[in-house]
Amino acid sequence: MPLVRIDISKDASPELIRAVSDAIYDAMVEIANVPAHDRFQIVTRHAADELIYPAEGYLGLSYTREIVFIQVTWVAGRTTEVKKAFYKKVAEDISRHGRIRAEDVFISLVDSSREDWSFGGGVMQYAPATS
Amino acid sequence: MPLVRIDISKDASPELIRAVSDAIYDAMVEIANVPAHDRFQIVTRHAADELIYPAEGYLGLSYTREIVFIQVTWVAGRTTEVKKAFYKKVAEDISRHGRIRAEDVFISLVDSSREDWSFGGGVMQYAPATS
Amino acid sequence: MPLVRIDISKDASPELIRAVSDAIYDAMVEIANVPAHDRFQIVTRHAADELIYPAEGYLGLSYTREIVFIQVTWVAGRTTEVKKAFYKKVAEDISRHGRIRAEDVFISLVDSSREDWSFGGGVMQYAPATS
């Protein structure tokens, strides 16, 4: 059910985009209890002036034009420890396989409820049992 | 107040995009208690490699490159039954008028509060009565 | 930590986009207790048929093709009064410096939790003290 938005430079290689996509999906399945094949992601490529980050850095981190913004909407309930492990694996895998700096991996999570999803066919697949 | 994001293939016809837009708006007004003319939607067209879905399908559903991702941010409070009816009508109307498979209609809902909206002019139009 | 999505016409000038970006950041720092340099924004430019608003207007407001959609995801906790002041400053500053109508500034806020953010490096920078 997670819906993932990946906003990235239009100069990113197909290999980098694939590495980002794979890293997020793999971390979800391995760490965040997301079922296999639950992989729904929207990539948007951006001109240089469309991805805005602080030139001065933030919290001791520095950023470059290779910054990747990842925003995940999913069902609430993951623990703080799971989220920590998720961030770590996503950034490490993108850095390793996409060959960009882990500091350029920005992640934002948004919670929703089980009733808030239709995977297709006009059906609420995760409907509560009592309804 | 709903703000709707529609992410769709750049090969989608203007007629399909219109059908998606109309289907969402009509279902909101008819089923989800959204006022007439409250129609705010952002369409983003994507290259084939930017809309990622499981080739194996998911939950018995299969997907094609015609997949349409719909993400709605609105004020919390709709019941499970209303959400079910909303999914059904959106997918059916898109399928009928846009001539794509209902399975290719993916919907995600995100809740917010009444204070979280300004429709323009720098004003909180839905401000609580007590403030 | 706010992640800001700015959806705007592809006819918007770089000056207007800069005015929008600055207005949001300035209002966050001055009014909404956001730290300096916490500036993360994603701009997406759109064709005319991709930004959909009611031709009839809504709530007495009217819109033009210059409409700017601003969606902010941030940590919950701002008061109604802070949100009101934020809307006002953003719309006024965009109108003044970007020379568009304040009515064309649409703002939507989405809440999240402190654990829902990684600013880079695979770390949960705002981790709760108890974990």
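Two residues are in contact here if their C-beta atoms, placed from the backbone, lie within 7 Å. Keep that in mind as you look through these views of a predicted model.

**View 1. Chain C meets chain A.** The contact draws on 28 residues of chain C and 33 residues of chain A. On the chain C side, the elements that supply two or more residues are α1 (14–31), β2 (40–46), β5 (105–112) and β6 (117–118). The largest share of that side, five residues, belongs to β2(C). Sorted by class, the side of chain C that touches chain A holds 12 nonpolar, 12 polar and four charged residues.

**View 2. A strand of chain A joins a strand of chain C.** How many bridges join β3 of chain A to β2(C)? There are two, and the strands run antiparallel; look for β3 at residues 51–52 of chain A. To find your bearings, start at A:L51, which stands opposite C:I42 in β2(C).

**View 3. One sheet with strands from three chains.** Follow the open sheet of six strands in the order β3(A)-β2(C)-β1(C)-β4(C)-β5(C)-β6(B), and you will meet mixed pairing along the way. Which strands stand at the edges? They are β3 of chain A and β6 (117–118) of chain B; each has a single partner strand, so one side of each is left without a neighbour in the sheet. At the chain B end, β6(B) pairs with β5(C) in the antiparallel sense over two bridges. Here B:W117 has C:S108 as its bridge partner in β5(C).

**View 4. Helices of chain C on the sheet.** Helix α2 (residues 80–98) of chain C packs on the sheet and touches β6 of chain B as well as β4 and β5 of chain C. The direction of α2 makes about 145° with that of β5(C). Now look for α1(C), which lies across β3 of chain A together with β1 (3–9), β2 and β4 (68–75) of chain C. Its direction is at about 155° to β1(C).

**View 5. Strand β5 of chain B and its partners.** Is this strand largely enclosed or left open? Six of the eight residues of β5 (residues 105–112) of chain B are buried, so the strand is largely enclosed by the rest of the structure. From chain A, β6 (residues 117–118) pairs with β5(B) in the antiparallel sense over two bridges, and A:W117 has B:S108 as its bridge partner. Within chain B, eight bridges join β4 (residues 68–75) to β5(B), and these strands run parallel. B:S108 appears in this pairing too, standing opposite B:Q71. Together, β4(B), helix α2 (residues 80–98) of chain B and β5(B) make a right-handed β-α-β unit.

**View 6. A walk along chain A.** Chain A has two helices and six strands, and from the N terminus on they follow the pattern β-α-β-β-β-α-β-β. Its C-alpha atoms fill a box of roughly 50 × 30 × 25 Å along the principal axes. Of the 131 residues in chain A, 52% are buried. Among the contacts in chain A with a separation of 6 or more, 74% link residues 24 or more positions apart.

**View 7. How the copies are related.** Rotating by 120° with 0.0 Å of shift along the axis superposes chain B on chain A, with an RMSD of 0.0 Å. That is the relation of a three-fold axis. Only 6% of the interface residues of chain B are also interface residues in chain A, so the copies meet through different surfaces.

Key. Residues are numbered from 1 along each chain as its sequence is written. Chains are lettered from A and ligands numbered from 1 in the order in which they are written. This is a predicted model: local features need pLDDT of at least 70, side-chain atom pairs count only at pLDDT 80 or more; totals for chains, interfaces and linings use all residues. Helices (H or I, at least four residues) and strands (E, at least two) are DSSP runs, numbered from the N terminus. Ala, Val, Leu, Ile, Met, Phe, Trp, Tyr, Cys and Pro count as nonpolar, Asp, Glu, Lys and Arg as charged, and the others, Gly among them, as polar. Two strands pair if DSSP finds at least two bridges between them. Copies are superposed by least squares on the C-alpha atoms of residues with pLDDT of at least 70 in both. Axes are lines fitted to C-alpha atoms, for helices over the stretch in contact, and angles run from 0 to 180 degrees between N-to-C directions. A residue is buried if 20 or more other C-beta atoms lie within 10 Å of its own, exposed if 12 or fewer, and partly exposed in between; C-beta atoms are placed from the backbone. A crossover is right-handed if, with the strands pointing away from the viewer, the path from the first strand over the helix to the second runs clockwise.
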